[in-house]
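Trainee: Got a minute to walk me through this model? I'd like to start with the basics.

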Amino acid sequence: MISVGARAATGRKRGRKRSPKPIEVQFRTIVSPHQLNSRWGRRIYWLVLAAVLVTFTLAFVFPLYWMVTGALKTPEELAQMPPTLVPAEPSTDAFFEAWDLFDIGTLLANTAYYSLGGWVVCMAVDVSAAYALSKLRPMFGNVILGMMLATLMIPAMVVLIPLYVTVVDLGLLNNPWALWLPAAANGFNIFLLKRFFDSIPRELIEAAQIDGAGPVRILRSVVLPISRPILGVVSIFTIVTSFKDFVWPLLVMTDSDRMTISVGLSQTAGAVTQNQIMGGLLITSIPMIIVFFIFQRHIMAGLTAGSIKG
Amino acid sequence: MQILRRNLTAYGFLCAALACFTVFAWYPMVREFILSFQKTDLINEPIWAGLDNFKTAFLDPAFGEAWLNTLEFTLLALLCGYAVPFVVALVLNELRHARAYLRFVVYLPVMLPPIVAVLLFRWFYDPGPGLFNQVLDVLGLPPLAWLDSSSTALISLVIVSTWMNMGSATLIYLAALQNIPPELYEAAELDGAGIWKRIRHVTIPQTRLILLLMLMLQIVATMQVFIEPYMLTGGGPENATVTVAYLMFQNAFTLQDYGSAGALGMMLMIVLLVFAAFQLRLTREDKA
């Protein structure tokens, strides 16, 4: 054990002395490995890498840094020109003020309730529909699927008004079902789930049938356990989408104690100071950033699973 | 008998979805059509109005401008939101370090609720102590009015929109680039193709389908732009950022004129469906 480790260490050291470590190439892209490891190739590579790192950090991380430090500054410091890069006297007062002014506790609780409730409704409706279309194969199943997919062609903004009128007719204003039921009518989720269910071998289902399992039992004990990856992807996207949604909750959840966090912030933002707004924005972003940290892999896999083959 | 039973169970599983789709997806599509021929304010009984709604929408002084702005926004957003992610993906795909970090960072704004991005940028655009003018000042450039001037307002909206949306397109392109078989590049290289020619003759043809698909998705998405003008400019200054979706929203929810909003929606839908049909033909020709 020790000798192997030692040898590896000396080997690495010797390698470094001889020549700069070659850039590892696991997969071939436009620039060939040979070109990349030529003297100029390497110089250009490090230059481009540094430029990209700096640009990306400035473009995508710095705005968030500015948001966080903005919330830590006093209104006087915010109005100061030129602005300070680091808050002179960081204070977390703005967060607590924002929490009270925006009533963020209520708004966050509302949003969490709508997102999770919407997720339960959406999964129940879409999974059973996809299961029926994929494994029970009813008459006109393909027609139904086609009509469900056709709704994806209609831009959301266009049906916004008739949908609103429908919800008003049903008396669902300020009722969470006005968010949940339209979200459950999601042709894309059904399409993704059905495609995954289609790949479950027929033999597995038949074996369960021979054992006397009914359709509900097969769904619960055979299909769902196998489909955990796709269920995870669909779940995350459903929850994130409903958390981020703005226009629809703006229209149907109008009571100030039933608003979602996005709508609540937009309504109150004119009446408070800049550092309080930033505090509110930061509190709003945190749940999504945490979700992204935890489910990064699923989110990125889901992003490409849906689009490339679709 | 068995077929009947199988169908009954299947429709049992389907009924919830069928109800949701009927009430909240299919019926609104029909309702949209009816709405555009009715005068309705949701309080009084709707009255049949013929083509009046279309006339009202047409005679609205902001009508022409809204379409022009939507078109301009879409073109600018395509220039930024379509070309930039592809170039970024090309570069990211060549890099061998910090890949996870770069992918994480570029997708981060997509995760944030749009309201966060919009309010954050509203502050950056502040003509006084706003970040952008301060940066221009440091660089020795004159300050811009950003959202307050009709010449820069639209492009300011495009910047926000690109910032918060480009992550998903970038990652989708990146995945498509990684699916290109390496042999093609090797063959092209043996034939003496330089880097530019390799992009031109290998990368682009290989990602053509996804490029076309994303083009369509982005046109449809950007033509519906709403939250940016709604939160940032309120359509101003001097109607410079009134978009069709914004005008529709205004007609319906400020003026309570659901009919003319419906008429605008119909026009928007027709334009988008023409785009979609055109696109579909392009992709089909591509496959043949």
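Mentor: Sure, we'll take the chain contact, then the domains, then two helix pairs.

Trainee: What kind of model is this?

Mentor: This is a predicted model: local features need pLDDT of at least 70, side-chain atom pairs count only at pLDDT 80 or more, and totals for chains, interfaces and linings use all residues. Residues are numbered from 1 along each chain as its sequence is written, while chains are lettered from A and ligands numbered from 1 in the order in which they are written.

Trainee: How many residues does each chain give to the contact between chain A and chain B?

Mentor: Chain B gives 79 residues and chain A gives 80 residues. Two residues are in contact if their C-beta atoms, placed from the backbone, lie within 7 Å.

Trainee: Which helix gives the most on the chain B side?

Mentor: Helix H1 (residues 2–35) of chain B, with 21 residues. Helices (H or I, at least four residues) and strands (E, at least two) are DSSP runs, numbered from the N terminus.

Trainee: And how do the residues on that side of chain B divide by class?

Mentor: There are 59 nonpolar, 10 polar and 10 charged residues on the side of chain B that touches chain A. Ala, Val, Leu, Ile, Met, Phe, Trp, Tyr, Cys and Pro count as nonpolar, Asp, Glu, Lys and Arg as charged, and the others, Gly among them, as polar.

Trainee: Switching to chain A. Into which domains is it divided?

Mentor: Domain 1 covers 33–91 and domain 2 covers 102–308. Those bounds come from an automatic or database domain assignment. The C-alpha centres of the two domains lie 35 Å apart. Their contact takes eight residues from domain 1 of chain A and seven residues from domain 2 of chain A.

Trainee: What gives the largest share on the domain 1 side?

Mentor: H3(A), with four residues. By class, the side of domain 1 of chain A that touches domain 2 has five nonpolar, two polar and one charged residues.

Trainee: Now helix packing. At what angle do H3 and H10 of chain B pack?

Mentor: Helix H3 (residues 63–94) of chain B packs against helix H10 (residues 208–223) of chain B at about 135°, with their axes 9 Å apart. Axes are lines fitted to C-alpha atoms, for helices over the stretch in contact, and angles run from 0 to 180 degrees between N-to-C directions. That angle makes H3(B) oblique to H10(B). Angles under 35 degrees count as roughly parallel, over 145 as roughly antiparallel, 65 to 115 as roughly perpendicular and the rest as oblique.

Trainee: Which residues make that contact between H3(B) and H10(B)?

Mentor: H3(B) contributes residues including Phe73(B), Ala77(B) and Tyr82(B), and H10(B) contributes residues including Leu215(B) and Ile219(B). The contact divides into seven nonpolar, five polar and no charged residues.

Trainee: What about H6 and H13 in chain A, at what angle do they cross?

Mentor: Helix H6 (residues 104–136) of chain A and helix H13 (residues 228–244) of chain A cross at roughly 140°, and their axes come within 9 Å. That makes H6(A) oblique to H13(A). Trp119(A) of H6(A) and Phe243(A) of H13(A) are among the contact residues. By class, the contact of H6(A) with H13(A) has six nonpolar, six polar and no charged residues.

Trainee: Last one. What is the helix content over residues 112–133 of chain A?

Mentor: That span is 100% helix and 0% strand, with its end C-alpha atoms 31 Å apart.
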